[in-house]
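Please look through the sequence and the model below before reading on. The paragraphs that follow lead from one part of the chain to another.

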Amino acid sequence: MKFSIVVPLYNKVNYVEETLQSVFDQTKLPHELIIVDDQSTDGSLQKAKAFLDRLPSKFNEVRIEIIELEKNGGVGRARNIGFEKTTGDAVSFLDADDIYAPDLLETTDELMSSQGIDFLVVGIHLFPSNEVSPDLRKLNQKLATIIPDAYRMEEPLKVVTSMEFLMGVGSNLIVKRKWMEAFKFYEKPNFYEGIDYWYRVLKHILKHKSDSIGLLMGDRLKVREVPGSASRKRFQHWKEAYYPPLLITFKGSNDTYDKLMMGVVGKRWLRYCIRNLNTMQQKLIFIYKYKYLFWNQFRYFLLRNFLQITS
């Protein structure tokens, strides 16, 4: 199986070399590496090029393409442009500060080639906090072991809409390319565009193939906690907290799992924004502007607990 890795790059000069090194440390090399520079201003692109120039000739089998965007358009646009250049059987988006374990692609190849997995969520090891997600103790009844550290999701929508599950955060998905061709990341400034994108891809796959959704744990993806990154940004004004696209995509849906997913994203976004707004005045304005989301959270809470009682 051929793997394509897309690295959206924007101002990660201190981390990009370690990220790229983890790609070339793979026990099974990718088919191609596509770097999309989103107009970095800190020398990230030059650092990446210098690293690639030093690569030994044994890595010549990996097709490398660097795309230099003419203007900064955000990570969603960079991922969409990078995906258009991919030719492999499976695609992953690797953030330029995250790190793959050396056996990630080899293990993924085994799961996809011989176990029929098409959509693989990779467990996250956050560092330096040393937190691991998801917590399997809360999910074991919904997972079937394939090989050590690898599981098939027997009820995928029930798993991914769990409050304790993380999908589309960092670089934690590897998916067969054919399922992704009809979808694009939301490109306007937003929060949690990855969750919106991957949830749409997942629902598309489940219409055709319900037993191909997997989870791989075992410390195979390290996600760096970088102060000041988009996911850890602090806000001066409530309008700086961009709205999650998933809450737009599935607004008005009558599907139970869509509602539960909106509950997951809405809860995280509300908590995050309130915690990261700098003043009490801005927190109160934010709460007033989005009071309907707090009411929705109550409805989703009742729905989630009703399902637990009846399942």
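**A walk through the predicted model**

Ile-287 is found in helix 9, and this residue of the predicted model is a convenient place to begin. At 34% relative accessibility, Ile-287 counts as partly exposed, because the buried class ends at 20% and the exposed class begins only over 50%. Together with Met-280, Leu-284 and Phe-294, Ile-287 makes a nonpolar surface patch of about 370 Å². Helix 9, which spans residues 280-289, gives the most to this nonpolar patch, contributing three residues.

Ile-287 also takes part in a helix pairing. Two packed helices are described by the angle between their axes and by the distance between those axes. Helix 8 (residues 256-276) packs with helix 9 at an angle of about 155°, and their axes are 9 Å apart. Because angles over 145 degrees count as roughly antiparallel, helix 8 is roughly antiparallel to helix 9. On the side of helix 8 the contact is made by Trp-269, Leu-270, Cys-273, Ile-274 and Arg-275, while helix 9 supplies Lys-283, Phe-286 and Ile-287.

Helix 3 shows another kind of setting. Seven of the 10 residues of helix 3 (residues 75-84) are buried, so this helix is largely enclosed by the rest of the structure. The buried residues are Gly-76, Ala-78, Arg-79, Asn-80, Ile-81, Gly-82 and Phe-83. What do the buried residues of helix 3 pack against? Their packing partners are strand 1 (3-9), strand 2 (32-37), strand 3 (63-68), strand 4 (90-93) and helix 6 (193-206).

Among the buried residues of helix 3 is the charged Arg-79, which counts as buried at 7% relative accessibility. Side chains of opposite charge can pair when their charged atoms come close. The side chains of Arg-79 and Asp-95 meet in a salt bridge, with an N to O distance of 3.2 Å. This pair links distant parts of the chain, since Arg-79 lies in helix 3 and Asp-95 in the loop between strand 4 and strand 5 (99-100), 16 residues apart. Asp-95, at 16% relative accessibility, likewise counts as buried.

The count of salt bridges comes to 19, and helix 6, one of the elements against which helix 3 packs, takes part in further examples. The side chains of Asp-196 and Arg-200 meet in a salt bridge at 3.0 Å, N to O. An α-helix has 3.6 residues a turn, so residues three or four places apart point the same way. Being four residues apart in helix 6, Asp-196 and Arg-200 are separated by about one helical turn. Asp-196 is buried, with a relative accessible area of 1%.

A further salt bridge joins the side chains of Lys-203 and Asp-255, at 3.7 Å, N to O. Here too the pair links distant parts of the chain, with Lys-203 in helix 6 and Asp-255 in the loop between helix 7 (246-249) and helix 8, 52 residues apart. Asp-255 is partly exposed, with a relative accessible area of 30%. Elsewhere, salt bridges that share partners join Glu-32, Arg-63 and Glu-65 into one network.

The path now turns to helix 4 and what follows it. The buried residues of helix 4 are Leu-104, Leu-105, Thr-107, Thr-108, Asp-109, Leu-111 and Met-112. Just after helix 4, Gly-116 takes a positive phi of about 70°. Asp-118 lies in the loop between helix 4 (104-114) and strand 6 (119-122); is Asp-118 buried or exposed? With a relative accessible area of 0%, Asp-118 is buried. Leaving aside its neighbours within four places in sequence, Asp-118 is in contact with Met-112, Ile-174, Val-175, Lys-176, Lys-178, Trp-179, Lys-209 and Ser-212.

Two other loop residues complete the tour. Asp-25 is found in the loop between helix 1 (16-24) and strand 2, and at 40% relative accessibility this residue counts as partly exposed. Asp-25 and Tyr-100 are 75 residues apart in sequence, and their C-alpha atoms are 8.7 Å apart in space. Gly-218 lies in the loop between strand 12 (213-216) and strand 13 (221-224), and is partly exposed, with a relative accessible area of 37%. From Gly-218 to Pro-128 the separation is 90 residues in sequence and 17 Å in space, C-alpha to C-alpha.

Terms used:
Residues are numbered from 1 along each chain as its sequence is written. This is a predicted model: local features need pLDDT of at least 70, side-chain atom pairs count only at pLDDT 80 or more; totals for chains, interfaces and linings use all residues. Side-chain values use heavy atoms; hydrogens and water are left out. Patches are made of residues with over 30% relative accessible area and no salt bridge: like charges are joined within 9 Å, nonpolar side chains (Val, Leu, Ile, Met, Phe, Trp, Tyr) within 5 Å. Accessible areas come from the Shrake-Rupley method with a 1.4 Å probe; for residues, only the protein chains shown count as cover. A salt bridge is a side-chain nitrogen of Lys or Arg within 4 Å of a carboxyl oxygen of Asp or Glu. Buried means under 20% relative accessible area, exposed over 50%, partly exposed in between (1.4 Å probe, protein chains only). Axes are lines fitted to C-alpha atoms, for helices over the stretch in contact, and angles run from 0 to 180 degrees between N-to-C directions. Angles under 35 degrees count as roughly parallel, over 145 as roughly antiparallel, 65 to 115 as roughly perpendicular and the rest as oblique. Contact means heavy atoms within 4.5 Å.
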